[in-house]
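Biologist: I would like a close look at a single part of this protein, namely its nonpolar interior and what packs around it. Please take me through it in one connected answer.

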Amino acid sequence: MYQPQPPEQKATIASQLADALADGGWRNKARPAQLPPPGDWHGWVMRMGRGAGKTWVGANYTNELANHVSRMVLIGATAADVRDTMIEGDSGILQTAPSWFRPIYEPSKRRIEWPNGCTASCFSSEEPDRLRGVNSAWGWLDEFAAWQNMQATWDMFSFGLRLGQRPRWLITT
């Protein structure tokens with residue numbers, strides 16, 4: 001369950017954050033096309049070629065949003081793609097997470113949990129019905145063009161995208 005950090009933990013995290021951001025953080029390293037759109041948006045599509053940094057952006061932005069939301073969804077073409085690219089990959093969530101906010105990945109539960117209790121549940125387009133009943137505030141949908149059950153997976157995901165004041169999604173493909 002999502003729990004805001006107590007004041008003493010926030011002070012420690014703030015100190016670690018200041019150290020981690022001394023190099024400018026991921027947003028200062030990103031090219032303009034890799035930054036989230038300005039304003040009040042619900043969906044963002046990054047349709048770019050190989051090597052453009054889509055996974056790096058998805059992972060960094062997911063780690064950033066884990067500070068602000070309680071539940072997320074990660075969806076890839078296959079379960080192996082979610083694990084190998086989005087989570088454990090060279091520019092995946094575990095590699096890009098700051099040391100002060102590194103999540104724990106539980107493959108058997110298909111779940112990632114950040115230190116503040118935010119969780120991300122992992123799904124593949126191969127089994128859209130697994131998304132039935134899953135509610136979230138954020139969704140990162142990777143390699144959308146390669147999904148096997150695109151419409152059914154999108155439908156099940158979008159039905160549950162309803163937590164928080166501004167539920168959002170990112171498609172990287």
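Modeller: What follows goes from the overall layout to the interior, and then to some single residues.

The model is predicted. The protein chain has 6 helices and 7 strands, and along the sequence these follow the pattern α-α-β-α-β-α-α-β-β-β-β-α-β. Of the 173 residues in the protein chain, 44% are buried. Taking contacts between residues at least 6 apart in sequence, 64% join residues at least 24 apart.

The general background is brief: in soluble globular proteins, nonpolar side chains tend to be buried together. In this model, the largest nonpolar core has 30 residues. Met72, Leu74, Ile112, Trp114, Trp138 and Trp140 are those with the most contacts inside this core. Two or more residues each come from strand 1 (43-46), helix 3, strand 2, helix 4, strand 5 and strand 6. Helix 3 gives the most to this core, with 4 residues. There is also a second, separate core of 13 residues, which includes Ile75, Leu131, Trp169 and Ile171.

Ile112 shows what the surroundings of one such core residue look like. Leaving aside neighbours within four places in sequence, Ile112 is in contact with Leu74, Ile87, Ile93, Pro103, Ile104, Tyr105, Cys118, Thr119 and Ala120. One of these partners, Ile87, is also a buried residue of helix 4 (residues 79-87).

Helix 4 is the next piece to consider. Its buried residues are Val82, Met86 and Ile87. Seen down the axis of helix 4, these residues fall within an arc of 70 degrees, so they line one face of the helix. The general geometry helps here: an α-helix has 3.6 residues a turn, so residues three or four places apart point the same way. The buried residues of helix 4 pack against strand 2 (71-76), helix 5 (93-96), strand 3 (104-106), strand 4 (111-113), strand 5 (119-124) and strand 6 (138-142).

Helix 5, one of those packing partners, contains Thr96. With a relative accessibility of 16%, Thr96 falls under the 20% limit, so this residue counts as buried. A polar atom of the Thr96 side chain lies 3.0 Å from the backbone oxygen of Gly92. Not counting residues up to four places away in sequence, Thr96 touches Trp56, Ala59, Asn60, Asn63 and Ser91.

Strand 5 is another of the packing partners of helix 4, and Ser124 is placed in this strand. Ser124 is buried, with a relative accessible area of 6%. Beyond residues up to four places away in sequence, Ser124 touches Ile75, Gly76, Ala77, Thr78 and Ala79. Among these, Ile75 was named above as part of the second core.

The aromatic residues add another layer to the picture. Under the rule that ring centres lie within 6.5 Å, the count comes to 11 aromatic pairs. In one of them, the rings of Trp26 and Trp56 have their centres 5.8 Å apart and their planes at 80 degrees, so the pair is edge-to-face. This pair links distant parts of the chain, with Trp26 in helix 2 (residues 25-29) and Trp56 in helix 3 (residues 54-65), 30 residues apart. Trp26 is buried, at a relative accessible area of 12%, whereas Trp56 is partly exposed at 21%. Trp56 is also one of the residues that Thr96 touches.

Both rings belong to one aromatic cluster, formed by Trp26, Trp41, Trp44, Trp56, Tyr61 and Trp138. Trp138 is also among the residues with the most contacts inside the largest core. Another member of the cluster, Trp41, has Arg168 over its face, at 4.1 Å from the ring centre.

Two loop residues complete the tour, and both concern backbone angles. As a general matter, most residues other than glycine have a negative phi. Arg110, in the loop between strand 3 and strand 4, has a positive phi near 55 degrees. Arg110 is partly exposed, with a relative accessible area of 37%. Glu143 sits in the loop between strand 6 and helix 6 (150-160); its phi is also positive, at about 50 degrees. Glu143 counts as partly exposed too, at 35% relative accessibility.

Definitions and conventions: Residues are numbered from 1 along each chain as its sequence is written. Side-chain values use heavy atoms; hydrogens and water are left out. Rings of Phe, Tyr and Trp (its six-membered ring) pair if their centres lie within 6.5 Å; planes under 30 degrees apart count as stacked, over 60 as edge-to-face and the rest as tilted. Buried means under 20% relative accessible area, exposed over 50%, partly exposed in between (1.4 Å probe, protein chains only). A charge sits over a ring if NZ of Lys or CZ of Arg is within 6 Å of the ring centre and within 35 degrees of the ring normal. The arc is that of the directions from the helix axis to the C-beta atoms. Contact means heavy atoms within 4.5 Å. A nonpolar core is a set of buried Ala, Val, Leu, Ile, Met, Phe, Trp, Tyr and Cys residues joined through side-chain atoms within 4.5 Å. A polar contact is a pair of N or O atoms within 3.5 Å; within protein, one must be able to donate a hydrogen and the other to accept it, and residues adjacent in sequence count only if both atoms are side-chain atoms.
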